[in-house]
Amino acid sequence: MGVGGVEGDADRPVGIDELLERVRAGYTRIEPREAYEAAQAGEALLVDIRYAALRERDGLIPGALVVERNELEWRLDPQGSHRAPEATSHGLRAVVICNEGYASSLAVESLRRLGLHRATDLVGGFQAWRAEGLPVTPGAGAGA
């Protein structure tokens with residue numbers, strides 16, 4: 001099966017825009033307000049995959065699990081020896097958050113391949129969260 005579950009043109013290069021479209025067709029993304037409410041109700045785990053410089057510059061989402069992108073699969077695999085304590089089952093509703101909502105979509109595809117069938121990502125990423133006026137705590141570099 002080809003990228004994003006599409007068979008056929010396995011030899012044809014796929015550009016990033018088409019890849020994102022294919023990946024996102026496989027699940028429903030979540031808007032910032034809905035993600036906030038789900039997290040507040042204990043129905044979703046927010047997972048911030050932004051790199052440290054962005055977290056320091058722009059701040060953090062209170063209660064979000066911070067996991068560097070290159071560690072994401074190891075930390076959220078409920079069967080993994082390096083899993084985070086929050087990674088309790090394949091039914092975990094993880095909401096992956098990057099800066100603007102692009103890298104998170106690719107990360108979600110990877111998590112879904114691991115069996116995390118409820119994984120999704122935040123439309124617009126952290127920037128949309130902040131623009132919506134949702135809670136953010138200052139990063140180490142804020143105001144510097």
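Two strands are taken to pair if DSSP finds at least two bridges between them. With that criterion in hand, the tour of this predicted model can begin at strand β1.

Select residues 45–48, which form β1. Both faces of this strand are covered: Leu45 and Val47 are buried on one side, and Leu46 and Asp48 are buried on the other.

Next, add residues 94–97, strand β3, which pairs with β1 in the parallel sense over four bridges. Val47 of β1 has Val96 of β3 as its bridge partner. Then display strand β2, residues 65–66, which runs parallel to β1 and is joined to β1 by two bridges. Here Asp48 has Val66 as its bridge partner. To follow the connection from β1 to β2, show helix α3, residues 52–58; the chain passes through this helix in a right-handed β-α-β crossover.

Move now to helix α5, residues 103–113, and select its buried residues: Ser104, Ser105, Ala107, Val108, Glu109 and Leu111. These buried residues pack against α1 (16–24), α4 (72–76), β3 and β4 (120–121). After α5 comes Gly115, which has a positive phi near 100°.

Finally, select Glu86 in the loop between α4 and β3. Is Glu86 buried or partly exposed? Glu86 is partly exposed, because its relative accessible area of 34% lies between the cut-offs of 20% for buried and 50% for exposed. Leaving aside residues up to four places away in sequence, Glu86 touches Leu45, Leu65 and Leu92. A C-alpha to C-alpha distance drawn from Glu86 to Leu106 spans 21 Å, with 20 residues of sequence separation.

Terms used. Residues are numbered from 1 along each chain as its sequence is written. This is a predicted model: local features need pLDDT of at least 70, side-chain atom pairs count only at pLDDT 80 or more; totals for chains, interfaces and linings use all residues. Side-chain values use heavy atoms; hydrogens and water are left out. Buried means under 20% relative accessible area, exposed over 50%, partly exposed in between (1.4 Å probe, protein chains only). A crossover is right-handed if, with the strands pointing away from the viewer, the path from the first strand over the helix to the second runs clockwise. Contact means heavy atoms within 4.5 Å.
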